[in-house]
Amino acid sequence: MCMFGELKTLLKKHIREYGMYIALVIIMLIFSFLTDGLFLSARNISNLFNQMGYIAVLAVGMTLVIVIRHIDLSVGFGSGFLGAIAAILMMQHNMPVLPTILIVFALGIIFGLINGFFISFIGLPSFVMTLAGMLIFRGGLLVATQKTGTIIISNDTFNEIGNGYIPDFFHNENIHVTTLLIGIIIILFYIYFEIKRRNNKIKYNFEVLSIPIFILKILLISSIVGYLFWILASYNGLSWTFVIVLIVTFIYHIMTTKTALGRHIYAVGGNPEAAKLSGISLNKITLFVFGSMGLLTALSGILYASRFQSATPTAGTLFELDAIAAAYVGGVSAAGGVGKVTNSIVGALVMASLINGMNLIGVGISFQYIIRGAVLIAAVVFDIKTRSKAS
């Protein structure tokens, strides 16, 4: 098979996974053209990654929730409420940053476990339970902010999480050398693991890409990652928000692809009856996934409150929409059992790019909501069509 024929076959076979990358490139090129290059400027790309942070971590958790055939509508106002709790603890009770974060994390896990308990052990549909949670968190947020309205957060250490950047240990005035080195290390690790995975497949007689296509894939992805880190290094370097997103993505990627827990999660989503017969506890998996979602909801609330240095009565509005859309755009299946956390980060970047680009060209907020809703419909339709073709 010629190289172009193999590329065509590969793209057709993995259209669900590669489609989002194509969509991201098209969106970025369109907005770059419409803004005369402003969209791809170093400053805007850096701001884009900061803006997507609190949605990206929600998208990671939402991916696992959808994989096991559930949904969580409470994450939006849950994030806003937990961010307000952090603001109250620091500003009204003078609590240090670290204990505040730990308390908010603990509350997030507890709230997530409550959702999981009622869904798995009591039998409430996840839609109903998390819808109730959304209303409860909405009311809790209004109660928390009713005395002062917006709660201004003046703690510099806390605000650094959402607005600060990692230090450059080389103190170069023209380029953030530390960011460049991190990018190089990530590229080297990527190349190493790709080669290792290819060799393992060959060892067990699995199908692999031809050498030219394999090299092309590595060069393409390495170039994109290298260019991204070069852009960030030419501005202020890696933000703490982006570092947190990378760490969360790495942890969940390892958990879902390299551990028995991850295999159990996908087994439950793929075929609950077969998973139960094989000895997997559906209740425990559901409890874990929603507890995990609660933890990431708390992290999202901290990132949002830190970035805007405040807690407001409207914080968290439609976060659940963007998280669900990011997961679906990232290729998670509505039927369950399919989806990667790494792809959901790309989905979050697609959604953030849409919002950022529409803001830059002056699209009204009303039309922005319409377009975001249309993107969600398109993502689900795409999932249904690709599944029907595969079957």
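This briefing describes the overall build of one protein chain, three of its helices and several individual residues. The model is predicted. The chain contains 16 helices and two strands, and buried residues account for 48% of its 391 residues. Its radius of gyration is 21 Å, which agrees with the value near 21 Å expected of a compact globule with 391 residues.

**Overall dimensions and surface**

- Taken along the principal axes, the C-alpha atoms of the chain fill a box of roughly 70 × 60 × 40 Å.
- Among the contacts in the chain with a separation of 6 or more, 78% come from residues 24 or more positions apart.
- The exposed area of the chain is about 19,300 Å², and carbon and sulfur atoms supply 70% of that area.
- The chain carries 24 positive and 14 negative charges; the mean positions of the two sets are 11 Å apart.

**Helix H5 and its surroundings**

- Helix H5 covers residues 97-122, and its 26 residues should span 38 Å at 1.5 Å a residue. The end C-alpha atoms of H5 are 36 Å apart, which agrees with that expectation.
- The buried residues of H5 are Val97, Thr100, Ile101, Val104, Gly108, Gly112, Asn115, Gly116, Ile119 and Ser120.
- Four helices pack against these buried residues of H5: H4 (75-91), H6 (126-145), H7 (156-163) and H13 (282-308).
- Just after H5, Gly123 adopts a positive phi of about 95°.
- Thr157 is found in helix H7. Its relative accessible area is 54%, over the 50% cut-off, so Thr157 counts as exposed.
- Thr157 lies 59 residues from Leu98 in sequence, and the C-alpha atoms of Thr157 and Leu98 are 9.8 Å apart in space.

**Helix H13 and the residue that follows**

- The 27 residues of H13 should span 39 Å at 1.5 Å a residue, and the end C-alpha atoms of H13 are 39 Å apart, which agrees.
- H13 is mostly covered, with 20 of its 27 residues buried. H13 is also one of the helices against which the buried residues of H5 pack.
- Gln309 follows H13 and is placed in the loop between H13 and strand S2 (310-311).
- With a relative accessible area of 36%, Gln309 is partly exposed.

**Helices H8 and H9**

- Helix H8 comprises residues 177-203. Its 27 residues should span 39 Å at 1.5 Å a residue, and its end C-alpha atoms are 39 Å apart, which agrees.
- In H8, the buried residues are Val177, Thr178, Thr179, Gly183, Ile187, Tyr190, Glu194 and Arg198. The cover over these buried residues includes H9.
- Thr178 has a relative accessibility of 8%, under the 20% cut-off, and therefore counts as buried. Residues up to four places away in sequence aside, Thr178 touches Ile166, Pro167, Asp168, Phe169 and Phe170.
- Ser222 belongs to helix H9, which covers residues 211-233. Its relative accessibility of 13% is under the 20% cut-off, so Ser222 counts as buried.
- Neighbours within four places in sequence aside, Ser222 is in contact with Ile187, Tyr190 and Ile191. Ile187 and Tyr190 are among the buried residues of H8.
- After H8 comes Asn205, with a positive phi near 60°.

**Positive phi at residues other than glycine**

- Most residues other than glycine have a negative phi.
- Asp36 has a positive phi of about 55° although it is not a glycine. Asp36 is found in the loop between helix H2 (15-34) and helix H3 (42-67).
- Asp36 has a relative accessible area of 74%, over the 50% cut-off, and so counts as exposed.
- Gln309 likewise is not a glycine and has a positive phi of about 55°.

Conventions:
Residues numbered from 1 in each chain as written. Predicted model: local features only at pLDDT ≥ 70, side-chain atom pairs only at ≥ 80, totals over all residues. Heavy atoms only, no water. Expected span 1.5 Å × (residues − 1). Buried < 20%, exposed > 50% of the residue type's maximum accessible area, 1.4 Å probe, protein only. Contact = heavy atoms within 4.5 Å. Rg over C-alpha atoms; globule rule 2.2 N^0.38 Å. Areas by Shrake-Rupley, 256 points an atom, 1.4 Å probe, with all protein chains shown as cover. Lys, Arg positive; Asp, Glu negative; His and termini not counted. Charge placed at Lys NZ, Arg CZ, Asp CG, Glu CD.
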